[in-house]
Amino acid sequence: SLWAQLRSVHFAQVLCFAAVHSLACGHALAHLPARVAAASGGGGASLAEVASVLMTVGCLPAIPLVTRVLEVGLARAMTVVNGLGLLFVALSLVPVALAPLCSAFVFAAYRGLLYSTINLFHARVFGPLIMGRTIGAMSVLSSAPLFFLQQPLFGGGVQFARAQRVLGGAVLLLAASTELYSRRNAARLRAAGPDGGASSPAA
């Protein structure tokens, strides 16, 4: 049933995954172009525009990467999302104009893979019959951190680096949680045998 799925460890994992990464994406969309401009000094406005374009259309060259990662498995895709999130945060904190600009391109691939991975998780784990409702519940619940942390995280300016470090720490914790979840799920499947649930994210 839907209620049973919402109380499952699978839903808890994808909810945390979506909440942390959605918060990171929201913060980047709000302030990364300004970070690029501040790091570049003269000519910052034009570089900020380039960063904005990269963040929105930079996902197009990354489509083959997204497709390939999803093909090798859902657990691997979640790991790659966490890795791209950490890379994006690290690049955005380097006080050289080129690094935040590169982070805008990484962000585009990161964001595209993030939402593809979340949708694939719901399809494989919860199934097509109720995935629309589990996605809806996840979206409502994962938006709560964005609402309550909007002011302290989205202040911009000198708060940008602090917020990015906090988000980087959250992604690190999420990466550990994702790895533990994937390993436990793979062990459960091995114990269950070949008929133990092919719809698992570890499959």
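**Buried residues and ring pairs in an all-helix model**

C25 is buried, with a relative accessible area of 1%. C102, in contrast, counts as partly exposed, at 36% relative accessibility. The number of disulfides comes to zero. These values come from a predicted model.

The overall fold is described next. The protein holds nine helices and zero strands. From the N terminus on, the order of elements is α-α-α-α-α-α-α-α-α. The protein has 203 residues, and buried residues make up 43% of them. Contacts were also sorted by separation in sequence. Of those between residues at least 6 apart, 76% join residues at least 24 apart. The exposed area of the protein is about 10000 Å². Carbon and sulfur atoms supply 68% of that area.

The largest nonpolar core contains 42 residues. Within this core, F17, F88, F107, Y110, L113, F121 and F126 touch the most other members. Several helices contribute to the core. Helix 2 (9-40), helix 3 (44-57), helix 4 (63-71) and helix 5 (74-93) are among those that each supply at least two residues. Helix 6, helix 7 (131-148) and helix 9 (159-192) each do so as well.

Helix 5 was examined along its length. This helix has 20 residues. From its first C-alpha to its last it reaches 29 Å, close to the 28 Å expected at 1.5 Å a residue. Its buried residues include L74, A75, A77, M78, V81 and N82. L84, G85, F88, V89 and S92 of helix 5 are buried too.

Aromatic pairs were then counted. The protein has six of them. One is formed by F11 and F126. The ring centres of F11 and F126 lie 6.3 Å apart, with 55° between the planes, and the pair is tilted. F11 belongs to helix 2 and F126 to helix 6, so the pair ties together parts that are 115 residues apart in sequence. Both partners are covered. F11 is buried at a relative accessible area of 3%. F126 is likewise buried, at 6% relative accessibility.

A second pair joins F88 and Y110. The centres of these two rings are 6.0 Å apart and the planes stand at 20°, so the pair is stacked. F88 lies in helix 5 and Y110 in helix 6, so this pair links parts 22 residues apart in sequence. F88 and Y110 are both buried. Beyond the pairs, one aromatic cluster is formed by F11, F121, F126 and Y181.

The surroundings of F88 were listed without residues up to four places away in sequence. F88 touches A24, A28, L32, S103, V106, F107, Y110 and Q164. One of these neighbours, S103, lies in helix 6. At 0% relative accessibility, S103 counts as buried. With residues up to four places away again left out, S103 touches L32, F88, L91 and S92. L32 thus appears among the contacts of F88 and among those of S103.

T117 also sits in helix 6, which spans residues 98-126. T117 is buried, at 1% relative accessibility. Residues up to four places away in sequence aside, T117 touches F17, L70, L74, A77, M78 and V81. Of these contacts, L74, A77, M78 and V81 are buried residues of helix 5. F17 is one of the core residues that touch the most other members.

V69 is placed in helix 4. V69 counts as buried, with 8% relative accessibility. Not counting residues up to four places away in sequence, V69 touches A77, V80 and L113. V69 and V80 are eleven residues apart in sequence. Their C-alpha atoms are 7.8 Å apart in space. A77 is listed as a contact of V69 and as a contact of T117. L113 is among the core residues that touch the most other members.

Technical notes: Residues numbered from 1 in each chain as written. Predicted model: local features only at pLDDT ≥ 70, side-chain atom pairs only at ≥ 80, totals over all residues. Heavy atoms only, no water. Helix = DSSP H or I, 4+ residues; strand = E, 2+ residues; numbered from the N terminus. Buried < 20%, exposed > 50% of the residue type's maximum accessible area, 1.4 Å probe, protein only. Contact = heavy atoms within 4.5 Å. Areas by Shrake-Rupley, 256 points an atom, 1.4 Å probe, with all protein chains shown as cover. Disulfide = S-S within 2.5 Å. Core = buried A, V, L, I, M, F, W, Y, C linked by side-chain atoms within 4.5 Å. Phe/Tyr/Trp six-rings, centres within 6.5 Å; stacked < 30°, edge-to-face > 60°. Expected span 1.5 Å × (residues − 1).
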